[in-house]
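Reader: Before we discuss details, could you put the sequence and the model on view, and then take my questions one by one?

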2 protein chains.
Amino acid sequence: MTSPPQADPSGSAAKLVRSIPEATVARLAVYLRMLGELAEQGAETVSSEELATATGVNSAKLRKDLSYIGSYGIRGVGYEVASLHHQIERTLGLDRQQAVALVGVGNLGHALAGYSGFGGRGFPVAALFDVDPDLVGIHINGIVVEHVRDIPRVCAERGVTIGMIATPGPAAQSVCDQLVRAGVQCILNFAPVVLQVPEQVEVRKVDLAVELQVLAFHVARRRAGDASDTVVAPSVANGVRDGVHVTNGSAVLPR
Amino acid sequence: MTSPPQADPSGSAAKLVRSIPEATVARLAVYLRMLGELAEQGAETVSSEELATATGVNSAKLRKDLSYIGSYGIRGVGYEVASLHHQIERTLGLDRQQAVALVGVGNLGHALAGYSGFGGRGFPVAALFDVDPDLVGIHINGIVVEHVRDIPRVCAERGVTIGMIATPGPAAQSVCDQLVRAGVQCILNFAPVVLQVPEQVEVRKVDLAVELQVLAFHVARRRAGDASDTVVAPSVANGVRDGVHVTNGSAVLPR
DNA sequence: AGCCGCTTGTGAACGCACGCACAAAGTTGC
DNA sequence: GCAACTTTGTGCGTGCGTTCACAAGCGGCT
């Protein structure tokens, strides 16, 4: 906000990180990916307009988002792709690798373990856990599945900072407690339960069933208001752009 | 938008559905699940306070959410579990099954196809598609994988209303176009791209890499502001409740 | 060097959503 | 039947997030 003008010192992105809205952080990640693609295509600079269109946001919003991390644009020109990429990376803390532990190697967990989108983006899956004796011991993508009871030891050994929970609902809370005890700071929860964690631990929830149910609602609404003008409140997340309707996702959830 | 008041024509949940905030819709799905569990446990009624605590929201917010779908509570008592469950189900359009088509049976897609959370909640996966000749023809959970080129025909035959895209990024847009042509009304997109769709089609995006990057940001912030007072803006989605810190998920995305 | 056009960065207004707090309404006990 | 208690439903204030619109700044052209 009222950040005093300053050249970046050295190490961490400390001062700059003050007070970035959560919604902005999420979008920064999207910009980052697009910047990576642009860099591959050999682009030197992008204007806010171009980057905004490519990522599906309003250009003013994009500029405001970027303003939270500093003034790295050149007026009359745009943003230097490589430089901006680097700045966002630094802000999001992606300049160092974050080891991820995944608990629950069932259906979804197995897929997540093999998902290349993680390791390729600075989140190597460093540990896998399950309780099923048939699963403990097998290898997935070169990583052996350990028993849940070893979470504290293994996580400590491998410097895990982020946990992902892909267990059935009933097991999630106890697994979560284990992860917290192991010093994990952030948890991505795929289980359909509300996790109780100490204040300093961040939980983020992805609920696939909820996503579908929200879509089902829209189908129903459409059917109901078929020939009528009954319309749901547009809400912040919707919008029409270039004749293109893109309701953004929001895995959303309570609280 | 400015929909004139109107009595519901036939059976559908038309007038109740007028103008429910998107955020509320997502939470209704969460309430619904908890109500299901409560019903299994034999509960007859719940108070807003109980249901709110169980789902991790503020009780006032919960009551306001429920007020959007009507007044089904009993003052001094609470809500009748079965009745409320039914009302929410109706509002979300879950009283009829929605056939889902899944395109992309790779890592993630395969898991989604086998995910019991869908079929069990009124979203039977009715069709699977891929372009890989090695995958076309195989069976997953009793469903044969068809070629992407047959999307229009198969979707029409099986009455698919919702599409899920779990392909690599580059393939997503063309697959999306196919689904739209097949009459799919809503799309859940797991591919890391912004889809362009006609206005009447709803897109919801789930981006796992973004989720992790948001978490990484929180780890970095924590490390940076270790002994300082550097704090991120709490944002609407965070909160402390009973000494429990639960930042909600938000698969979020642009727009 | 000076002007022109383009793009950034941001002040200000708007709108949604959240949460408080209370009135309305129903229930239980006497 | 009345009083006290419980719980819903909601009007209102507040804060965050989005959007508009414009001044400030930079590069290129003459």
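Reader: Which part of DNA strand C does a polar side-chain atom of N58(B) approach, and at what distance?
Author: This is a predicted model, and the values below are computed from it. In it, the partner of the polar side-chain atom of N58(B) is a phosphate oxygen of DNA strand C, and the two lie apart by 3.2 Å.

Reader: Which element gives the largest share of the surface near DNA strand C?
Author: The elements that contribute two or more residues to this surface are α3 (59-67), β2 (73-74) and β3 (78-80) of chain A, along with α1 (22-40) and α3 (59-69) of chain B. The largest share amounts to 4 residues, and the element that supplies it is α3(B).

Reader: What does a polar side-chain atom of K64(A) lie 3.0 Å from?
Author: Of the atoms of DNA strand C within 4 Å of the protein, 70% belong to sugar or phosphate, while the rest belong to bases. A backbone N or O atom of G73(A), for instance, lies 3.0 Å from a phosphate oxygen of that strand. For the polar side-chain atom of K64(A), the partner at 3.0 Å is a base nitrogen of DNA strand C.

Reader: Is I162(A) buried or exposed?
Author: I162(A) belongs to strand β8 of chain A, which spans residues 160-165. Leaving aside residues up to four places away in sequence, I162(A) touches residues of both chains, among them F123(A), V184(A), L212(B) and V219(B). Because its relative accessible area is 0%, and a value under 20% is the criterion applied, I162(A) counts as buried.

Methods. Residues are numbered from 1 along each chain as its sequence is written. Chains are lettered from A and ligands numbered from 1 in the order in which they are written. This is a predicted model: local features need pLDDT of at least 70, side-chain atom pairs count only at pLDDT 80 or more; totals for chains, interfaces and linings use all residues. Side-chain values use heavy atoms; hydrogens and water are left out. Buried means under 20% relative accessible area, exposed over 50%, partly exposed in between (1.4 Å probe, protein chains only). Contact means heavy atoms within 4.5 Å. A residue is near a molecule or strand if one of its heavy atoms lies within 4 Å of it. A polar contact is a pair of N or O atoms within 3.5 Å; within protein, one must be able to donate a hydrogen and the other to accept it, and residues adjacent in sequence count only if both atoms are side-chain atoms.
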